[in-house]
Structures are given as structure tokens and as C-alpha cells.
Amino acid sequence: MRSANFTDQFLIAMPTLADPNFHHAVTYLCEHTDEGAMGIVINHPTDLTLEMVLDHMGISAKVPTGRIPVYNGGPVQPDRGFILHPADRHWTSTMQVSEHIAVTTSRDILEAMAEGGGPDTYLIALGYAGWGPGQLEQEIGDNAWLTCQADVDVLFRQPAEKRWQAAAGQLGVDLSLMSGQAGHA
């Protein structure tokens, strides 16, 4: 039996987490059940832009899309797109994560964005992070991650390079003061 549900929370990588997929990562957890967990890394931008994704998919943009970054959402299915956005609107394949945040994986949201009719704020990612049954709980127990309630300002408004510190700051933690060596502050 699981003692906590981390859906709609941030996983904040500890400075000692060596996996390059999660170095200084903030992961937004979209789902956490007894079968495992699924999240999207929100602070690892790629060289791709929304404009490039739309062009690849054959969608013509009627509004400027060139500088909108696409993030590396995690190592699982890196060719699959995920769009985190406010939960006030739904498309063909939208999963409401919380009262405030949803994730959509269908083409129609991209078409709406290209027309200027998509969500007001959003984060686009390719790939996701996944954990099997009990794996995330074990990693949290091993102090690989800090957890805190997700914050829409960190998710949508904070610059990517500041999200790791900003998320930890919600807990009153300054990660720059933490040592990568066990037993040292």
C-alpha cells in the first residue's frame, strides 16, 4: 500500500542525482498510482521550437511560433509530444491532472495553437519520465528527489534555468548550498 500520492507535485532532483536525464531536473508528476508514475521534465529545453514541430507535422502557423521552446520531457518515448496547460480547456486527448493543470497529447491542440486559439500558457515537451510500481517511492526514500506541490508560476512563467531553484525555494531549500557529498551541508 502506498502512503502518498505525488500526482500534481514537482519532483526536484537532488544535486547528487547523477542520471543525465534528471540532472538538476524539475519533473511535473501527471500521474501516480499503484502501477507507477508518469511525469514531464519542465526545465530541460531542447534546440527545437514549436515552429519546427508544426513544420514537421505539416501544420501551417498563422501566428508567430518560432521562439517557443520544446522541452526534453524525459527519456521514455522521446518522439511523443505532451503539452501541459491550464485545465480550463480540453482537446481530443486531454487528461486533467488537477483542478488547475491538464496534459494533452493530440494533434488538435497544436492546430489550435497554430491558429492562435490554443491555451494562453503552456509547456511543450517531447518524451516523459516513467517509474514502475514502487520505483518512485524508493527513489524518494533514497533521497534522490525532493517533492512539493506544483506551482503554476514555476511551471509556466519562471524561466527554465530558474525552475530548479524556484521549485526548491517553495520548500525553503537553497540547492546551491547543498553539498554533493554525503554527510556535508
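This passage describes the overall build of a predicted protein model, then its cysteines and one histidine.

The protein holds five helices and 10 strands. Its chain has 185 residues, and a compact globule of that length would have a radius of gyration near 16 Å. The value for the protein is 17 Å, which agrees with a compact globule. Along the principal axes, the C-alpha atoms fill a box of roughly 55 × 35 × 25 Å.

Contacts across the sequence were examined next. Of the contacts between residues at least 6 apart in sequence, 64% join residues at least 24 apart. Buried residues account for 43% of the 185 residues. The exposed surface of the protein comes to about 9,500 Å². Carbon and sulfur atoms supply 50% of that area.

The charges were then counted. The protein carries 9 positive and 22 negative charges. The mean position of the positive charges lies 8 Å from the mean position of the negative charges.

A search for disulfides covered the whole structure and found zero. C30 is in no disulfide. The cysteine sulfur nearest to C30 belongs to C148, and it is 15 Å away. A disulfide requires two cysteine sulfur atoms within 2.5 Å, so a pair 15 Å apart does not qualify. C148 is likewise in no disulfide, with the sulfur of C30 as its nearest cysteine sulfur. Burial was checked for both residues. The cut-off for a buried residue is under 20% relative accessible area. C30 counts as buried because its relative accessibility is 3%. C148 has a relative accessible area of 6%, so C148 is buried too.

The last residue considered is H85. H85 sits in strand β6, which spans residues 76-86. The relative accessible area of H85 is 0%, so this histidine is buried. Which residues does H85 contact, leaving aside its neighbours within four places in sequence? The contacts include W91, T94 and H100. A run of further partners follows in I101, A102, V103 and T104. I109, P119, T121, Y122 and F156 are also in contact with H85. A second histidine, H56, is 29 residues from H85 along the chain. The C-alpha atoms of H85 and H56 are separated by 22 Å.

Terms used. Residues are numbered from 1 along each chain as its sequence is written. This is a predicted model: local features need pLDDT of at least 70, side-chain atom pairs count only at pLDDT 80 or more; totals for chains, interfaces and linings use all residues. Side-chain values use heavy atoms; hydrogens and water are left out. Helices (H or I, at least four residues) and strands (E, at least two) are DSSP runs, numbered from the N terminus. The radius of gyration is taken over C-alpha atoms; the globule rule is 2.2 Å times the number of residues to the power 0.38. Buried means under 20% relative accessible area, exposed over 50%, partly exposed in between (1.4 Å probe, protein chains only). Contact means heavy atoms within 4.5 Å. Accessible areas come from the Shrake-Rupley method with a 1.4 Å probe; for residues, only the protein chains shown count as cover. Lys and Arg count as positive and Asp and Glu as negative; His and the chain ends are not counted. The place of a charge is taken as NZ of Lys, CZ of Arg, CG of Asp or CD of Glu.
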